[in-house]
Amino acid sequence: TAKFVDFGAQIACTIPSDILIVSAISNWGGYGIAAALYLLRRCPTHVRYLLKGLCKEDFRMDVKFEKMIPSVESERIILEYFMAAGFYDGLNQELKMSVDGRKFDDVHAQKIRQIRLEVENVST
């Protein structure tokens, strides 16, 4: 991994999977999947197939993206709670505001803002 991927030597996944979602930080991969599903749900073509597959005419389409991924503020509260409970960052084994070895304010919070902005730009 280190030979072909930036920061590859620091990637520390130890759990095998059947489907690979490439993401520098696991949270970001999950946020990306949530954003993609949200955008597909807003697409009239994809919704038609979704409704047909679910056989539901009353399927709620008014889900707000704000509920799909945490805000920077709520993510900060969650991370502070974990720190207070003694949970360490999974990568660097340190008790500090970081996610997979990346500083919360410098990196992780910015990525959340970026994903939210991209979805807003596509949605409008």
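1. Partly exposed means a relative accessible area between the buried limit, under 20%, and the exposed limit, over 50%. Asp-100 has a relative accessibility of 24%, so Asp-100 counts as partly exposed. This is a predicted model, and the values below should be read as such.

2. Asp-100 also stands out in its backbone. Its phi is positive, about 50 degrees, although Asp-100 is not a glycine. Most residues other than glycine have a negative phi. Asp-100 lies in the loop between β1 and β2, where β2 covers 102–103.

3. Gln-93 is another residue to check. Phi of Gln-93 is near 55 degrees, positive in a residue other than glycine. Gln-93 belongs to the loop between α3 (72–84) and β1 (98–99). Is Gln-93 buried or exposed? Gln-93 has a relative accessible area of 53%, so it is exposed, the cut-off being over 50%.

4. Now the overall layout. The protein has four helices and two strands. Along the sequence they follow the pattern α-α-α-β-β-α. Of the contacts between residues at least 6 apart in sequence, 57% join residues at least 24 apart.

5. Burial and surface come next. Of the 124 residues in the protein, 21% are buried. The accessible surface of the protein is about 9,300 Å². Carbon and sulfur atoms account for 59% of that surface.

6. His-108 deserves a look. His-108 sits in helix α4, residues 104–123. Its relative accessibility is 1%, so His-108 counts as buried, the limit being under 20%. Which side chain does His-108 join through a polar contact of 2.9 Å? The partner is the side chain of Trp-28.

7. What else is in contact with His-108, leaving aside its neighbours within four places in sequence? Besides Trp-28, the list holds Asn-27, Tyr-31, Glu-75, Val-99 and Lys-103. Val-99 is part of β1, which spans 98–99. Glu-75 falls within α3, residues 72–84. Asn-27, Trp-28 and Tyr-31 fall within helix α1, residues 26–42.

8. One surface feature remains. Ile-19, Ile-21, Ile-33, Leu-37, Leu-40 and Met-68 form a nonpolar patch on the surface. Together these residues have about 540 Å² of accessible area. Leu-40 is found in helix α1. Leu-40 has 38% relative accessibility, so it counts as partly exposed, neither under 20% nor over 50%.

Technical notes
Residues numbered from 1 in each chain as written. Predicted model: local features only at pLDDT ≥ 70, side-chain atom pairs only at ≥ 80, totals over all residues. Heavy atoms only, no water. Buried < 20%, exposed > 50% of the residue type's maximum accessible area, 1.4 Å probe, protein only. Polar contact = N/O pair within 3.5 Å; in protein donor to acceptor, adjacent residues only side chain to side chain. Contact = heavy atoms within 4.5 Å. Areas by Shrake-Rupley, 256 points an atom, 1.4 Å probe, with all protein chains shown as cover. Patch = residues over 30% accessible without salt bridge, like charges linked within 9 Å, V, L, I, M, F, W, Y side chains within 5 Å. Salt bridge = Lys/Arg side-chain N within 4 Å of Asp/Glu carboxyl O.
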